[in-house]
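The following exercises are to be worked through with the sequence and the structure at hand. Each task is followed by a solution in steps.

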Amino acid sequence: MRVQHVLLLLTFAGCSTDHYPSRPGGFGPPGGGPDPTDAGGSDVDSGGTPVDGGLVDASVTGDGPLRSVTGTVCRIEDLRDPTACIEQPAGVGIQVLGSDISAVSTDCGAFELLLDGSVANGTVHLVVGFESADYHLSLVSITVDDTGATGVSATAVLETTFSDLTAALGVAQPDGTGTIALHLEEAGAPAVGSIIEPPAGSLEAPRYDTGDPLDWQPDTGTSDAGAVLVFGVAEASDAVINVAGLQGGILTIVGIQVVGNTLTFVRATVPPPT
């Protein structure tokens with residue numbers, strides 16, 4: 001069994017301006033080094049090593065006592081494809097979870113956060129849609145080094161997009177619980193036929209993708225998008241999801257951050273069977 005500490009999904013989006021250009025991410029640590037997916041069955045340190053969960057390849061930037069985090073907001077409408085940006089909007093708030101540090105996106109969705117000593121290096125969670133009435137809160141994570149991070153692209157979802165989805169599914173999202181959008185890959189493609197065991201205490205059964213962005217079915221396994229939604233997840237800093245791949249690969253995803261009334265994006269790779 002492979003165990004992964006997951007960085008929550010960050011989508012990549014280009015921008016017509018050069019304020020804070022995003023660059024395509026990849027699996028494995030920024031700047032090269034060993035691929036954490038080769039770590040066998042041992043735990044992987046999520047504090048400094050992005051695992052398969054991150055599309056962002058965030059690297060350090062800038063000098064001085066304040067660490068600069070720069071990036072772009074990416075609004076999506078289809079939760080089956082969190083990389084498909086509809087727009088890169090201005091006026092979207094981004095806050096560092098657990099702190100008072102925040103920023104508002106400007107032209108082409110660009111934003112900059114200045115981290116002080118109250119924010120430790122390692123995994124930093126960003127709340128997207130902070131104090132933005134039109135947006136359902138979403139959660140993404142980055143890896144921060146001594147001087148910050150760049151190339152961050154943060155996934156944003158309108159409240160109407162989320163409410164249309166829950167209405168279509170007939171799902172109640174109890175106040176104070178969160179939602180996880182999990183995207184699985186296997187052998188370099190979306191993991192079709194995967195089944196998950198949701199975090200303990202989840203109030204709804206997992207819903208798997210179909211050919212319709214508003215149709216997610218229980219008990220079917222993942223379809224062409226390799227995507228799963230879990231509603232009614234209790235708040236946690238270390239939620240766990242177990243995955244069984246169609247080809248026999250087994251994966252345990254650990255360290256998932258869940259916040260009430262917030263949509264957490266996660267991506268992971270199902271290993272080959274052993």
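**Exercise 1. The disulfide**

Cysteine 74 and cysteine 85 form a disulfide. In this predicted model, determine how far apart their sulfur atoms are, what handedness the disulfide has, and which parts of the chain the pair links.

Solution.

Step 1. The sulfur atoms of cysteine 74 and cysteine 85 lie 1.9 Å apart. A disulfide requires two cysteine sulfur atoms within 2.5 Å, and the pair therefore satisfies the cut-off. A search of the whole structure finds one disulfide.

Step 2. The torsion about the S-S bond of cysteine 74 and cysteine 85 is about -115 degrees, and the disulfide is therefore left-handed.

Step 3. Cysteine 74 belongs to strand E2, residues 67–76, while cysteine 85 lies in the loop between E2 and strand E3 (93–96). The two cysteines are 11 residues apart, and the pair links distant parts of the chain.

Step 4. Cysteine 74 has a relative accessible area of 0% and is buried. Cysteine 85, at 28% relative accessibility, counts as partly exposed. The classes differ because buried means under 20% relative accessible area, whereas partly exposed lies between that value and 50%.

**Exercise 2. A salt bridge between E2 and the loop that follows**

Determine which side chain meets that of glutamate 87 in a salt bridge, and classify both residues as buried or partly exposed.

Solution.

Step 1. The partner of glutamate 87 is arginine 75, with an N to O distance of 2.8 Å. A salt bridge requires these atoms to lie within 4 Å, so the pair qualifies.

Step 2. Arginine 75 is in strand E2 and glutamate 87 is in the loop between E2 and E3, 12 residues apart.

Step 3. Glutamate 87 is partly exposed, with a relative accessible area of 36%. Arginine 75, with 7%, is buried.

Step 4. The pair also belongs to a network of salt bridges that links Arg75, Glu77 and Glu87. The structure holds four salt bridges; another one of them joins arginine 80 and aspartate 78, at 2.7 Å from N to O.

**Exercise 3. A salt bridge between two strands**

State which residue forms a salt bridge with arginine 267, and decide whether arginine 267 is buried or exposed.

Solution.

Step 1. Arginine 267 is placed in strand E17, which spans residues 262–269. At 12% relative accessibility, arginine 267 counts as buried.

Step 2. Glutamate 185 forms a salt bridge with arginine 267, and the closest N and O atoms are 1.6 Å apart. The pair links distant parts of the chain, since glutamate 185 is in strand E9 (residues 178–186), 82 residues from arginine 267.

Step 3. Glutamate 185 has a relative accessible area of 14% and is buried.

Step 4. A further distance concerns arginine 267 and isoleucine 253, which are 14 residues apart along the chain. Their C-alpha atoms are separated by 9.5 Å.

**Exercise 4. The partners of strand E8**

Describe how E8 pairs with E2 and with E7, and state how many residues of E8 are buried.

Solution.

Step 1. E8 comprises residues 148–158, and 11 of its 11 residues are buried.

Step 2. E2 and E8 run parallel and are joined by eight bridges. Threonine 72 stands opposite serine 153 in E8.

Step 3. Strand E7, residues 135–144, pairs with E8 in the antiparallel sense over two bridges. Tyrosine 135 has leucine 158 in E8 as its bridge partner. E7 and E8 form a hairpin, with three residues between them.

**Exercise 5. The aromatic pair**

Determine whether the rings of phenylalanine 162 and phenylalanine 231 are stacked, tilted or edge-to-face.

Solution.

Step 1. The ring centres are 6.2 Å apart, and pairing requires them to lie within 6.5 Å. The count comes to one aromatic pair.

Step 2. The ring planes of phenylalanine 162 and phenylalanine 231 stand at 55 degrees, so the pair is tilted.

Step 3. Phenylalanine 162 is in helix H1 (residues 159–169) and phenylalanine 231 in strand E14 (residues 227–233), 69 residues apart. Both phenylalanine 162 and phenylalanine 231 are buried.

**Exercise 6. Confidence in the model**

State the mean pLDDT of the chain and identify where pLDDT stays under 50.

Solution.

Step 1. The chain has a mean pLDDT of 81, and 76% of its residues reach 70 or more.

Step 2. Over residues 4–64, pLDDT stays under 50. For these residues the model has 166 contacts beyond four places in sequence.

Definitions and conventions: Residues are numbered from 1 along each chain as its sequence is written. This is a predicted model: local features need pLDDT of at least 70, side-chain atom pairs count only at pLDDT 80 or more; totals for chains, interfaces and linings use all residues. Side-chain values use heavy atoms; hydrogens and water are left out. Helices (H or I, at least four residues) and strands (E, at least two) are DSSP runs, numbered from the N terminus. Buried means under 20% relative accessible area, exposed over 50%, partly exposed in between (1.4 Å probe, protein chains only). Two strands pair if DSSP finds at least two bridges between them. pLDDT is the predictor's confidence in each residue, from 0 to 100. Contact means heavy atoms within 4.5 Å. Rings of Phe, Tyr and Trp (its six-membered ring) pair if their centres lie within 6.5 Å; planes under 30 degrees apart count as stacked, over 60 as edge-to-face and the rest as tilted.
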